[in-house]
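Visitor: I would like to go through this model term by term. Please set each value against its definition.

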There are 2 protein chains.
Amino acid sequence: MQRSSITVNNREYQWPQRPVVVVCVDGCEPDYISQAIEAGAAPFLGGLNGRGTCLTADCVVPSFTNPNNLSIVTGSPPSVHGICGNYFWDAEAGAEVMMNDAKYLRTGTILAAFAAAGAKVAVVTAKDKLRSLLGHKLSGICFSSEKANEATVPANGIDNVVSLVGMPVPSVYSAALSEFVFAAGVKLMARERPDIMYLSTTDYVQHKAAPGTPHANDFYAMMDRYLSLLDAAGATIVVTADHGMNAKTDAFGRPNIVYLQDLLDGWFGKDVARVILPITDPYVVHHGALGSFATVYLADDHIADAAKRISEIAGVELVLSRKDACARFELPPDRVGDLVIVSERLTVLGSSVSRHDLSGLEVPLRSHGGVSEQRVPLIANRPAPSLPAGHRWRNFDAFDLALNHLR
Amino acid sequence: MQRSSITVNNREYQWPQRPVVVVCVDGCEPDYISQAIEAGAAPFLGGLNGRGTCLTADCVVPSFTNPNNLSIVTGSPPSVHGICGNYFWDAEAGAEVMMNDAKYLRTGTILAAFAAAGAKVAVVTAKDKLRSLLGHKLSGICFSSEKANEATVPANGIDNVVSLVGMPVPSVYSAALSEFVFAAGVKLMARERPDIMYLSTTDYVQHKAAPGTPHANDFYAMMDRYLSLLDAAGATIVVTADHGMNAKTDAFGRPNIVYLQDLLDGWFGKDVARVILPITDPYVVHHGALGSFATVYLADDHIADAAKRISEIAGVELVLSRKDACARFELPPDRVGDLVIVSERLTVLGSSVSRHDLSGLEVPLRSHGGVSEQRVPLIANRPAPSLPAGHRWRNFDAFDLALNHLR
């Protein structure tokens, strides 16, 4: 017998009455959707105005992919789940490492909890870097577009994905990598009818194309078609994003970059300060590992001086101590440096000039990571007639909205 | 004999060695230009990358048209020139009035000072609301596109403008109103060869079209053609903006509005608080008088309570006392209310629901007024080889850049 609700990370979720699909659209600044609707490219999403729900929510800062995907699937901030970047300084190991292994996860997911309670759960993510985190302790289907052809029943709960989806495995740098996620979701809904499905795309298009421009509208037209099929299949759909996206250039299209490691080396000498850019991941061609959030480790006696100097740099919006940053952004203190730096909307933070390869930036840099990319859509295909008043919605309320508030 | 330099509002400007044209592109978020260049719509501006100058500057907050145009032509902030909105509460007169009469201007302009010193000066503005302010005590040419057919030699220093320009007088709600400004500038450069010319457009297009979308690119392609003609005529050109522009909607395209007067009336009763929206002007069809800046007058004993309540509203970014706001934004205290409220990037501030006509909003609201619209381009067609390091550039440094720094 199914339970009527389950509790995960101190939040209660009602058992789904129909299939629930939560979609995390990577880099989905709200204007991508409104511009696509305005251009006539997203008739399904446009048609939800009236019958559905549209909130604007705050994502987690740093406004990066891994911290926010994990927040969404755990219903909690990084102070609870531990994933506060794609990349971090592992003080215990004494090394800079990717934070994409499930060993770094400090709590269970809503997905695993529902599966353990008897729900049929499916997860599809564009890039494989998220798969092991999202699939942590999950009894169900979990695979990436990137490695769809390698999926096996023991490892992924499914095989023959490519023939199920009917699309070849796309390049990791393509809009098709995200289309594969949606196409797989529609096929899985038809064949498996999961109780709960989580779909997570990649922001390859959003890093390149501004809201309302042809490539962006093409992407949202594609998404709109698949969402309409999931809607027609009777699913409850909630669409949110891991973070927004902004231009990070001057009017000529040249990136506005503050190279923090070079500055710190100049002030204090080599090997005194260590700049960590948590946007860093194996796929940096489209953003050059440049985002609007950095954290710095340095000796105690330099912290106050560094904070003062960094806060005076044009383009820097916030300089916070570890303590203040962890309180404000709900981050795990043992995975954050002595200082946290956030740059303003049009500026990104780099480490050293020599460490960033900008040759892959074929179009003006668009990126994220800061407070300026914190506003994201939280949309549903059903009404929510009695939402709490004055609530600050977060993207990690997506399952709460889907399971507890939609009619 | 011409002087080698003149001093206006405590800043020194070198006498121009060739015609200088300063262009204020209304609502020109930097990304409008970079996206137009990227789309191939602005080859002249794109070609300046390498031979010209591109800075990103801060405009005056409130990021509205009149305060910033007057800052640019006086080289000073509103605390000096007095124009801190399009609209204000005239405490002396006991009335809400437009701030577009020259009697409100508290200092002279760079334009008038050069003209008085013997320079030939020409000013063309799109909307007539700016004409009397920009033309204050100016011996020279000064007219608006809007009333180009009414220009007379005694009033405007020129007549027969329509036949000179070769375009009919455009609608006040059109891209052509701005095109008329550029077309007039090119004709004036050929016939009059002014030493100093100031061109100021209107943001009709920017309120409707996002950067990189077809209507926006069409506008910048038009601008690019006229700028290339001014460049070919040998003019020094500096392009800046009065303010940026952002989407102010949710993902469905519905405006995010905080109605401050209704909230204050609910908390304190009718006629206790007076909300002033300094974006208000006679031409509100395209923005519904909704921007991201408001000021509130209210009795002393309610100020602290109101500040606390307003700061808790979702979408509010800053609540400042008159004193703090005037210090931070360099505003004249006698023309600012007891509180200043700034909303975040995707949210606007209204007064009462009943006072805003949103029927003219045919496309998702885009607007300005806040800190989120403070970053603007500051571009020139010549190099500036020795700019001061670490300088915070302002849009009202446009004449300083043009006359003192370009080679």
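Visitor: At roughly what angle do the axes of helix 2 and helix 11 of chain A cross?

Guide: The model is predicted, with local features needing pLDDT of at least 70, side-chain atom pairs counting only at pLDDT 80 or more, and totals for chains, interfaces and linings using all residues. Residues are numbered from 1 along each chain as its sequence is written, and chains are lettered from A and ligands numbered from 1 in the order in which they are written. The axes of helix 2 (residues 43–51) and helix 11 (residues 214–232) of chain A cross at roughly 55° and come within 7 Å. Axes are lines fitted to C-alpha atoms, for helices over the stretch in contact, with angles from 0 to 180 degrees between N-to-C directions. Helices are DSSP runs (H or I, at least four residues) and strands likewise (E, at least two), numbered from the N terminus.

Visitor: Why are helix 2 and helix 11 of chain A called oblique?

Guide: Under 35 degrees counts as roughly parallel, over 145 as roughly antiparallel, 65 to 115 as roughly perpendicular and the rest as oblique. The crossing is roughly 55°, so helix 2 and helix 11 of chain A are oblique to each other.

Visitor: Which residues of helix 2 of chain A meet helix 11 of chain A?

Guide: A:Pro43, A:Phe44 and A:Leu45 meet A:Asp224, A:Leu227, A:Ser228 and A:Asp231; contact means C-beta atoms, placed from the backbone, within 7 Å.

Visitor: What relates the two copies?

Guide: A turn of 180° and a shift of 0.0 Å along the axis lay chain A on chain B with an RMSD of 0.0 Å, by least squares on C-alpha atoms of residues with pLDDT of at least 70 in both. The copies are thus related as by a two-fold rotation axis.

Technical notes:
Two residues are in contact if their C-beta atoms, placed from the backbone, lie within 7 Å.
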